[in-house]
Amino acid sequence: MKKSKSLLLLLTLVLAVGTLLSACGSNGGNGAANGGNNKASDSGNSGEEKLAADQTLRLNAAADVPTFDPALAQDNQAHLALSLMYEGLARLEGNKELPGVAEKWEVSDDGLTYTFHLRKDAKWSNGDAVTANDFLFAWERVLNPNSKPAPPYAYQLYYIKNAEQYNKGEITDFSQVGAKAVDDYTLQVELNNPTPYFVNLTAFYTYFPVHSSVKGNDKWATDPSTMITNGPFVLKSRVPGQSMEYVKNDHYWAKDEIKLNTIKFTIVNSAATEVLSYKNGELDRAGMPNGNIPADQIPILKQELPNELALPSIANVYYYEFNTEAEPFTNAKIRKAFAMAISRQDLVDKITLGGQIPAYGFVPPGMKGVNDEFRKEHSEPLFSENVEEAKKLLQEGMQEEGYTTLPEITLIYNTDENHKKLATAIADMWKKNLGVDVKLENQEWQVFLDNRTNGNFQIARAGWVPDYNDPMTFIDMWTTNSGNNKIRLKNEEYDKLVADTYKEADNQKRMDNMARAEEILIKEEMGVMPIYYYVQPSLTKPYLKGVTMDYSGAVYYDRAYLLEH
């Protein structure tokens, strides 16, 4: 998930997705996520925590939500919004997969067939029952080859039998796809291959159900009054670019578990303003993944608010993308030269300041391997920083392309003070070490997303948040036909490795295949330039409890609550 998720993102989120290993989960030393297991009491008895009378959570988002349509979502802001408004077959709480709309499920002995039993008290916000057909309707929207715009995460449903063939128009009857409603409350899904993380995937927004009322209403996802959703909150109002307000969904099946009545977001893309608002008592939480904290304030906040500042490591990667179809980055040697000519350690020590880890691969620490983490079993570095070698590669690449001087080069990044500082520092390194001038261009979030999607860039900042806890979430995005392949990478060996890994039951072979694919992506092609692995800075008031975070850094507020203070 694009962090830009994230996720990456967002990722994510960088992100981050998306969903962290237990060391990066919601309890222990993560500060902002602490309190998830605390019990709050309405009784007011002595010695017990007492809920605040006003259960209104105040947050800030650094950017507007680009879409409220689960089929089109692809970033951290949409991830947070949709996790409040929708619920999938399963839901995530920290690192645990819990029953969501499905109260239970069974998996066949061969790992190919999942049978989900939907709870009969799951309702849409208008009171309609959530049925198996609502999931089929949503999945058909994602996979339909005529859907415009094309859902970027359609490939995440390719685990389902014949889903890819339907999406590519090779079969035209959706009933041939391996998902069917046995009855209103039983959904059966047949997979192409055993997929141990499939239940985790069903908690991802591309798998969310969608109400059939969206048929024929192209604007349903822009007007809160037309959004019928099934999650713990509904979007009450929205002023684009300024604010959003969510209120408790009284039709949600677990409404008694929801303590918050209202969640109010301001939309301010100044990290400094966000921190100031937090200090002034105008926000209950600040920082990632929905907001941000200026890097230069982190050392200060460590001194001023040590019990409210959290800096947990998360399985997200921050990187720059090279458009392999845009000159001069059609040449791999030129891409490698740019990647080798910066000092990542200097960047994290002097610019980002949050304890980030320099990245020399694409898959971050924290993703599952065979017996441990993928990154420990397939270690870095996949390349090294070497200014003299970078200069040599640049000259060789220029000669191969017939350049006497490089074309004008522009690096684009979305509006954010930290992105700007990092881009400025990297551009200075390129100037000093390679003698190359790089123009920096700040772009508003939606414009930035559109330009990357349409290939209107040479270099772009990006972040990726895992969507599930397997390295494949960092690998299959770069196949030729992936909707997330913004770099336009076309490598037959890479595509075959991914296709073979989808079919592979032996987990060791799966991991070896993905390690080889990562070598192609970084060591051979250098389609992306890894910079660092994330930490997730945040500030949380002591009276805010019940916030949880998963391995990807995604934060969940649905079970949060406020104590008297």
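Here Ala, Val, Leu, Ile, Met, Phe, Trp, Tyr, Cys and Pro count as nonpolar, Asp, Glu, Lys and Arg as charged, and the others, Gly among them, as polar. With that in hand, the lining of the largest cavity divides into eleven nonpolar, three polar and four charged residues. The views below walk through a predicted model, one place at a time.

**View 1. The protein chain and its three named domains.**
Let us start with the overall division. Domain 1 covers 87-209, domain 2 joins 224-310 with 538-562, and domain 3 covers 313-535. The centres of domain 1 and domain 2, taken over C-alpha atoms, are separated by 28 Å. Where these two domains meet, 20 residues of domain 1 are in contact with 18 residues of domain 2.

**View 2. The largest cavity, set between domain 1 and domain 2.**
Rolling a probe the size of a water molecule over the atoms shows where empty space is left. In this view, the largest cavity holds about 190 Å³ of space. Its lining has 18 residues, and Ser83, Tyr86, Arg91, Phe208 and Tyr556 lie nearest the centre. Helix H1 (76-85) and strand E4 (90-93) each supply at least two residues of this lining. Because domain 1 and domain 2 both give residues to the lining, the cavity lies between them.

**View 3. The hairpin of E4 and E5.**
Strand E4, which we met at the cavity lining, runs antiparallel to strand E5 (residues 96-99), and four bridges join the two. Look for Glu93, whose bridge partner in E5 is Lys96. Two residues lie between the strands of the hairpin, and Gly94 in the turn has a positive phi of about 65 degrees.

**View 4. An open sheet of four strands, with a helix lying across three of its members.**
Strands of a sheet pair through backbone hydrogen bonds, either parallel or antiparallel. Here the order is E6-E7-E9-E8, and the pairing is antiparallel. At the edges are strand E6 (102-107) and strand E8 (179-183), each pairing on one side only. Neighbouring strands of this sheet are turned against each other by 20 degrees on average, direction ignored. E6 and strand E7 (residues 113-118) pair over five bridges in the antiparallel sense, and Glu106 can be found opposite Thr115 in E7. Helix H2 (residues 132-143) lies across E7, E8 and strand E9 (186-190), and runs at about 165 degrees to E8.

**View 5. An open sheet of six strands with mixed pairing.**
Follow the strands in the order E16-E20-E15-E19-E17-E18. The edge strands are E16 (357-358) and E18 (438-443), and each pairs on one side only. Helix H8 (residues 344-352) packs on this sheet and touches E16 and strand E20 (528-535), with its direction at about 45 degrees to that of E20. Strand E15 (residues 313-322) and strand E19 (residues 459-464) run antiparallel and are joined by six bridges. A handy landmark is Tyr319, which stands opposite Ala462 in E19.

**View 6. The largest pocket, set between domain 1 and domain 3.**
This pocket has a volume of about 1200 Å³. It is lined by 48 residues, and the closest to its centre are Pro152, Tyr155, Asn481, Ser482 and Gly483. The lining divides into 21 nonpolar, 18 polar and nine charged residues. Helices H3, H12 (445-453) and H14 each supply at least two lining residues, and H14 gives the most, with six. Domain 1 and domain 3 both contribute to the lining, so the pocket lies between them.

**View 7. Three loop residues with backbone values to look at: Pro149, Pro381 and Arg488.**
Most residues other than glycine have a negative phi, and most peptide bonds are trans. The peptide bond from Lys148 to Pro149 is cis, with omega near -10 degrees. You will find Pro149 in the loop between H2 and helix H3 (163-167). Another cis peptide bond leads from Glu380 to Pro381, with omega near -5 degrees. Pro381 sits in the loop between helix H9 (374-377) and helix H10 (387-401). Arg488 has a positive phi, near 65 degrees, although it is a residue other than glycine. Its place is the loop between helix H13 (472-475) and helix H14 (492-503).

Methods
Residues numbered from 1 in each chain as written. Predicted model: local features only at pLDDT ≥ 70, side-chain atom pairs only at ≥ 80, totals over all residues. Heavy atoms only, no water. 1 Å grid on protein atoms, 1.4 Å probe; cavity = no way out; pocket = protein on both sides within 12 Å on 5 of 7 lines; lining within 4 Å. Points joined across faces, edges and corners; volume = space filled by probe spheres on them. Domains from an automatic or database assignment. Pairing = 2+ DSSP bridges. Axes fitted to C-alpha atoms, helices over the stretch in contact; angles between N-to-C directions. Contact = heavy atoms within 4.5 Å.
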